[in-house]
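Trainee: I've got a pile of terms here and I'm not sure what earns each one. Could we go through them together?

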Amino acid sequence: MEKKLGIYICSGCEIGKSIDMAALEKVGSVSGEHLCRTHAKLCLAESVQNIQEDIKKEHLEGVIVAACSPRFFTKEFSFNQLTERVNLRELVAWSHEAKDADTNMLAEDSLRMGLAKMKSILSPTPFIPDQSSSEILVIGGGISGITASIEAAKAGYKTILVEKNKLGGWSNHLHKQLPMHPPFDYLEKPLISQKIHDVKTQEKVEIHENSSIKEISGQPGEFRVVIKQEEKETKRKVASVVLATGWNPYDAEKLTEFGYGQNPNIITNLDFEKMAKAGPVLKPSDGEVPKQVLFIQCAGSRDKNHLPYCSNYCCGTSLKQALYIRESSKETSVFIVYKDIRTAGKLEAFYEKVQHDDQVFMTKGEIGQLNLQGDRILVDVHQTLLGDNIQLEVDLIVLAIGMTPQNTEDLNLKYRLGKGLPELKYEFADSHFICFPYESRRTGIYAAGSVRSPMDISSSMEDACGAMLKAIQCAEATKRGEAVHPRSGDLSHPEIYFSRCTDCKRCTEECPFGTYDENEKGTPIPNPSRCRRCGICMGACPERVISFEDFNVNAISEMIKAVEIPDEFEEKPRILAFVCENDAYPAFDMAGQKRLKYSPHVRIIPVRCLGSVNNIWISDALSKGFDGILQIGCKPGDDYQCHFINGSDLTEKRGENIQEVLEKMMLENERIKTVFVEINEYDKIPRIIDDYVEEIELIGPNPFKDM
Ligand code: SF4
Ligand code: SF4
């Protein structure tokens with residue numbers, strides 16, 4: 001039996017001035033079962049109140065709000081009932097000619113599509129793990145891991161901190177620390193000992209030193225962790241994980257151009273720091289105080305032969321180490337040769353302080369030949385600012401070497417996709433660095449600190465707080481059965497109708513988040529709280545047996561079928577656009593807000609990700625008589641602006657199957673087109689739409705139109 005719906009059409013925000021409201025109401029009233037009302041301003045508190053009263057009085061089983069974009073007034077139009085939003089404002093009234101026949105047709109089709117979808121969806125029933133844990137695992141006991149654990153404990157969450165050696169990490173070697181407090185121009189005592197003390201005295205932190213992770217299985221809310229210390233194994237259940245395993249120094253042995261390994265007086269900044277902590281800075285060759293010390297910045301960093309990136313910490317470190325020398329030996333001069341000095345934020349004050357020392361000489365330059373003459377080292381420097389060549393004579397060289405990330409395989413994940421996190425360029429741990437930096441492709445596992453990106457102590461501490469907040473959000477969201485970012489709060493999750501599953505493994509292979517494990521036959525085993533609700537598996541499944549209660553193959557097919565297609569003599573082409581709700585849909589909204597006009601012949605279906613588009617929708621649309629199909633999504637690529645990582649890439653890969661659909665139907669390739677836009681490219685929307693409509697008009701109507 002059909003659900004009884006309440007259909008609420010808003011005439012405010014110029015909708016009423018643009019669209020024939022009486023005709024629209026007729027569409028809404030087509031079934032006498034439903035309630036259809038028009039309001040002058042639906043977002044007013046009293047209008048919302050009226051809807052709530054109707055839901056109770058009229059026993060409504062669903063509500064359609066035909067008004068502004070679903071991206072606005074989300075709170076006001078959230079009823080304790082299945083709700084569908086029809087975007088009459090941004091996608092119709094604000095982007096098309098007022099009171100035009102084509103604009104009215106667009107509005108009516110939009111409402112029909114909303115009604116059709118409502119027939120095939122249900123309010124989602126959340127998946128809640130049986131015994132969700134609230135504890136959080138932190139891997140790595142350096143400054144990031146310790147900070148994350150302390151902050152979680154302060155927020156009331158128990159953490160299990162696992163460190164493979166002893167707490168402190170690289171910070172244990174620090175002699176002094178760069179300024180973190182006003183006026184930001186003096187060196188500070190390293191904070192690591194205080195932090196270790198703080199974490200050790202936190203009741204809510206369980207510490208495992210000299211331990212490793214043997215295995216992590218399960219899913220957010222119920223990750224099962226095996227911690228190994230020598231022969232002893234400890235088992236814990238945690239809700240989420242912060243990976244803070246940090247970095248390794250770049251292998252200085254590879255820096256032969258700077259003479260490393262050929263003279264004991266050529267050392268790394270790490271060797272230097274350890275020496276300064278242990279006692280006075282002396283030349284390793286003879287234990288004498290050095291007279292001239294050269295710091296070579298970017299030694300192997302920002303260099304395509306070594307590390308192409310900036311490690312973010314080494315400029316500050318060399319300035320700090322220059323002061324160690326000046327404080328311990330007034331006669332020693334310091335030279336710093338740099339590509340650029342990068343002291344972001346308030347560290348600039350410290351940089352200025354070091355500049356004022358008349359025995360610290362800094363120059364922008366490139367290191368040329370090194371002549372290792374016994375105790376004296378002659379270094380050719382090409383000064384890139386002045387264009388001069390100079391030669392420095394020094395007796396100690398410190399190489400400011402960069403950071404490389406720790407391998408994430410130590411997570412030992414029991415996922416079919418592998419033991420570690422996927423790696424980004426330069427082997428740093430997975431992170432969607434454009435929109436949500438701590439998120440990895442393994443839901444519930446958040447990367448923090450220099451395993452994610454090169455960074456100094458102060459940034460690592462901030463990063464640890466950000467990642468821990470994400471881990472806490474995940475723990476809480478999972479307990480409510482809600483998705484985490486980017487579909488935060490979504491209660492739906494995919495369900496498989498197993499009796500028709502052919503074990504083809506398409507879903508297990510295409511899910512970017514490793515939601516599905518599989519049994520020996522290849523049948524998917526879902527872990528619903530790993531799922532980010534993108535729908536990519538639904539788009540992939542050739543048997544169409546994966547569905548969400550509120551977003552499924554049938555519902556979208558019904559929307560497609562609900563559009564009224566004019567016959568070929570009316571010369572009104574119809575284009576169907578699958579628009580990704582992450583970047584492309586907001587771009588359409590913004591185009592509407594800017595009152596940019598485009599062809600009214602396009603019918604838009606928002607999708608969670610282009611990867612969720614199932615080929616059956618394409619053949620349904622073409623069989624129905626749509627003349628062309630546009631797929632508009634986020635940009636694919638290494639920087640994975642696609643919110644679901646590879647949804648847009650998959651659309652391109654699945655293109656071959658789509659071509660088969662076209663060939664079978666003997667239709668032109670141009671009838672399907674994929675376009676990628678960024679969220680701020682709203683100004684491109686009219687051109688994308690109008691050019692495609694023109695292209696389709698040139699090809700002519702779809703021959704299936706009148707069948
Ligand atoms: S593909 Fe997307 S919707 Fe499907 S299981 Fe994976 S994360 Fe969930
Ligand atoms: S894609 Fe569909 S048919 Fe293939 S394994 Fe997954 S659920 Fe089964």
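**Terms put to the test**

Mentor: Let's begin with ligand 2, whose shell holds nine nonpolar residues, one polar and four charged. This is a predicted model: local features need pLDDT of at least 70 and side-chain atom pairs count only at pLDDT 80 or more, while totals for chains, interfaces and linings use all residues. Residues count from 1 along each chain as its sequence is written, and chains are lettered from A and ligands numbered from 1 in the order in which they are written.

Trainee: Which residues are closest to ligand 2, and what makes a residue part of the surroundings?

Mentor: 14 residues surround ligand 2, and the closest are Cys501, Cys504, Arg506, Cys507 and Cys541. To count as near, a residue needs its C-beta atom, placed from the backbone, within 6 Å of the molecule.

Trainee: And how do the residues around ligand 1 divide by class?

Mentor: That shell has seven nonpolar, two polar and two charged residues. Nonpolar means Ala, Val, Leu, Ile, Met, Phe, Trp, Tyr, Cys or Pro; charged means Asp, Glu, Lys or Arg; the others, Gly among them, are polar. The residues around ligand 1 include Cys511, Cys531, Cys534 and Cys537, along with Arg532 and Arg533.

Trainee: Why is Phe73 called partly exposed?

Mentor: Phe73 has 16 other C-beta atoms within 10 Å, so partly exposed is the right label. The rule is 20 or more such atoms within 10 Å for buried, 12 or fewer for exposed, and partly exposed in between, with C-beta atoms placed from the backbone. Phe73 sits in the loop between strand S3 (62-67) and strand S4 (83-87), and has a positive phi of about 50° although it isn't a glycine.

Trainee: What about Arg544: how many C-beta neighbours does that residue have?

Mentor: Arg544 has 18 inside 10 Å, so that one counts as partly exposed too. Arg544 lies in the loop between H13 and S25, and its phi is near 55°, a positive value in a residue other than glycine.

Trainee: How do you know that helix H14 is largely enclosed?

Mentor: Seven of the 10 residues of H14 (553-562) are buried, so the rest of the structure largely encloses this helix. Among them are Val553, Ile556, Met559 and Ile560. A helix here is a DSSP run of H or I with at least four residues, a strand is a run of E with at least two, and both are numbered from the N terminus.

Trainee: What do those buried residues pack against?

Mentor: Their partners include helix H5 (101-119), strand S26 (575-580) and helix H16 (615-624). Contact means two C-beta atoms, placed from the backbone, within 7 Å.

Trainee: What makes strand S28 mostly covered?

Mentor: Six of its six residues (628-633) are buried. Gly628, Leu630 and Ile632 point one way, while Ile629, Gln631 and Gly633 point the other. In a regular strand the side chains alternate between the two faces of the sheet.

Trainee: How many bridges join S26 to S28?

Mentor: Five, and the two strands run parallel. DSSP must find at least two bridges before strands count as paired, so S26 and S28 pass. Phe578 stands opposite Gln631 in S28. S28 also pairs with strand S29 (672-676) in the parallel sense, over five bridges, and there Gly633 stands opposite Phe676.
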